[in-house]
Amino acid sequence: MMTTMLRILLILVSVATMGMMVRKIRQAKVQIEDSIFWILLSMLLVVFSIFPAVADGLAWLLGIYSTANFLFLFTIFLLLVKLFTMTLRMSQLETRLKELVQRMALDELQREEEKQYAGEKER
């Protein structure tokens, strides 16, 4: 069973997280696609807080003795999934950045060679 204090804490943290994400979206500091995860997680925690029977039932189904332990385990799992997806995205961006830098270096080299060729042609 979830304590009243835990329920209040979950609601406050969830609402604060949603508010922060909306503020960051308005300030154009975070893309909407990235904030969807945090908003959905916050909404889910609010649902667990308002309807603790849902969290209790899931904890019971998974064989977890305490609902609070279920919530912590659930949150840790979701954060690990988010970390994995961010790692994938960062790796892809690093690869694209490396390719872009190489392409820019080749273009610069080609321009220098063209300048040098044009200078020799004028002589």
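**Helix α1 and its partners**

Which helices do the buried residues of α1 pack against? They pack against α2 and α4. This is a predicted model. The buried set in α1 consists of Leu6, Leu10, Ser14, Thr17 and Met21.

α1 has 23 residues. From its first C-alpha to its last, α1 reaches 33 Å, close to the 33 Å expected at 1.5 Å a residue.

**Ser14 and Ser42**

Ser14 sits in helix α1. Its relative accessibility is 1%, so Ser14 counts as buried, the cut-off being under 20%. Leaving aside neighbours within four places in sequence, Ser14 contacts Ser42, Leu45 and Val46.

Ser42 belongs to helix α2. Ser42 is buried too, with a relative accessible area of 3%. Residues up to four places away in sequence are again not counted, and Ser42 then touches Ser14, Thr17 and Met18. Two of these partners, Ser14 and Thr17, are among the buried residues of α1.

**The loop after α1**

Ala28 lies in the loop between α1 and α2. Just after α1, this residue takes a positive phi of about 60 degrees. Most residues other than glycine have a negative phi. Ala28 is not a glycine, yet its phi is positive.

Is Ala28 buried or exposed? Ala28 counts as exposed, because its relative accessibility is 67% and the cut-off is over 50%.

**The nonpolar core**

The largest nonpolar core has 12 residues. Its members are Leu6, Leu10, Leu41, Leu45, Phe48, Ala55, Ala59, Ile64, Ala68, Phe70, Leu71 and Leu78. Four elements each give two or more residues to this core: α1 (4-26), α2 (32-50), α3 (52-62) and α4 (67-122). The largest share, four residues, comes from α4.

In soluble globular proteins, nonpolar side chains tend to be buried together. Leu6 and Leu10 of α1 are buried, and both belong to the core. Leu45, a contact of Ser14, is also a core member.

**Where α2 meets α3**

The axes of α2 and α3 come within 4 Å. They cross at roughly 95 degrees. Angles of 65 to 115 degrees count as roughly perpendicular, so α2 and α3 are roughly perpendicular to each other.

α2 brings Phe48, Ser49 and Ile50 to this contact. α3 brings Pro52, Val54, Ala55 and Leu58. By class, the contact has six nonpolar residues, one polar and no charged. Phe48 and Ala55 also belong to the nonpolar core.

**Where α3 meets α4**

How do the residues of the contact of α3 with α4 divide, and which helix angle goes with them? The two helices pack at an angle of about 85 degrees, with their axes 9 Å apart. α3 and α4 are therefore roughly perpendicular to each other. On the α3 side, the contact is made by Ala55, Asp56, Leu58, Ala59 and Leu62. On the α4 side, Thr67, Phe70 and Leu71 take part. The division is six nonpolar, one polar and one charged.

Ala55 and Leu58 appear in this contact, and α3 uses both in its contact with α2 as well.

**Helix α4**

α4 has 56 residues. From first C-alpha to last, α4 reaches 82 Å, close to the 82 Å expected at 1.5 Å a residue. Its buried residues are Thr67, Ala68, Phe70, Leu71, Leu78 and Lys82. These pack against α1, α2 and α3. Ala68, Phe70, Leu71 and Leu78 are members of the core.

Phe74 lies in α4. Phe74 touches Leu44 and Phe48, not counting residues up to four places away in sequence. From Phe74 to Glu108 is 34 residues in sequence and 51 Å in space, C-alpha to C-alpha.

Thr87 is another residue of helix α4. It is partly exposed, with a relative accessible area of 42%. Thr87 and Arg23 are 64 residues apart in sequence, and their C-alpha atoms are 25 Å apart in space.

Definitions and conventions. Residues are numbered from 1 along each chain as its sequence is written. This is a predicted model: local features need pLDDT of at least 70, side-chain atom pairs count only at pLDDT 80 or more; totals for chains, interfaces and linings use all residues. Side-chain values use heavy atoms; hydrogens and water are left out. A nonpolar core is a set of buried Ala, Val, Leu, Ile, Met, Phe, Trp, Tyr and Cys residues joined through side-chain atoms within 4.5 Å. Buried means under 20% relative accessible area, exposed over 50%, partly exposed in between (1.4 Å probe, protein chains only). The expected span of a helix is 1.5 Å times one less than its number of residues. Contact means heavy atoms within 4.5 Å. Axes are lines fitted to C-alpha atoms, for helices over the stretch in contact, and angles run from 0 to 180 degrees between N-to-C directions. Angles under 35 degrees count as roughly parallel, over 145 as roughly antiparallel, 65 to 115 as roughly perpendicular and the rest as oblique. Ala, Val, Leu, Ile, Met, Phe, Trp, Tyr, Cys and Pro count as nonpolar, Asp, Glu, Lys and Arg as charged, and the others, Gly among them, as polar.
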